[in-house]
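This report describes a predicted model. Its topics are a pocket, the overall fold and a surface patch.

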Amino acid sequence: CSLAPTMQRLQLAKTVQRGLVRGTAVRGISATPKNRGPATDEPNGWLFGKDPSKPWESEGWEVPYYAAVGATFITWVLMQYRPQTSIKVWAYEQVQLRKP
């Protein structure tokens, strides 16, 4: 009968709803992993935990991020000097030319 899968889904929905109303998780669904290590690193006395005697190592996200920020800044500067092609600018210039 095709009614059995529908009833199973309805029962599952009710079970989930009961778990959410009570504030308990449904078995098998967990928001956090079971085996977590310590939440923070132990303090070592250095700023941000970085050893100042070791050379700085670039992380993978830094180069593309700085390139995107630089390209955005250059684009912004160039857009400030773009030609004014608006009809209002043209009309204003024509009015200024025709003034006695």
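## Largest pocket

Eight positions can be read off directly here: the lining of the largest pocket consists of K50, D51, K54, P55, W56, E57, E59 and E62. The space inside this pocket amounts to about 270 Å³.

Sorted by class, the residues that line the largest pocket comprise 6 charged and 2 nonpolar members, with no polar residue present. Among the charged ones are K50, D51 and K54, while P55 and W56 are the nonpolar ones.

## Secondary structure and surface

The protein contains 3 helices and 0 strands. Following the sequence, these elements give the pattern α-α-α.

Burial is reported for the protein as a whole: 2% of its 100 residues count as buried. The accessible surface of the protein is about 10300 Å², and carbon and sulfur atoms account for 62% of that area.

## Nonpolar patch and Y66

W61, Y65, Y66 and V69 together form a nonpolar patch on the surface, with an area of about 470 Å². One of these residues, Y66, belongs to helix α2, which spans residues 62-80.

Is Y66 buried, partly exposed or exposed? Y66 counts as exposed because its relative accessibility is 51%, and the cut-off for that class is over 50%.

Technical notes:
Residues are numbered from 1 along each chain as its sequence is written. This is a predicted model: local features need pLDDT of at least 70, side-chain atom pairs count only at pLDDT 80 or more; totals for chains, interfaces and linings use all residues. Side-chain values use heavy atoms; hydrogens and water are left out. Patches are made of residues with over 30% relative accessible area and no salt bridge: like charges are joined within 9 Å, nonpolar side chains (Val, Leu, Ile, Met, Phe, Trp, Tyr) within 5 Å. Accessible areas come from the Shrake-Rupley method with a 1.4 Å probe; for residues, only the protein chains shown count as cover. A salt bridge is a side-chain nitrogen of Lys or Arg within 4 Å of a carboxyl oxygen of Asp or Glu. Helices (H or I, at least four residues) and strands (E, at least two) are DSSP runs, numbered from the N terminus. Buried means under 20% relative accessible area, exposed over 50%, partly exposed in between (1.4 Å probe, protein chains only). On a 1 Å grid over the protein atoms alone, a cavity is a set of points where a 1.4 Å probe fits but cannot get out, and a pocket is an open set with protein on both sides within 12 Å along at least five of seven lines; lining residues have an atom within 4 Å of a point. Grid points are joined across faces, edges and corners, and a volume is the space filled by probe spheres set on the points.
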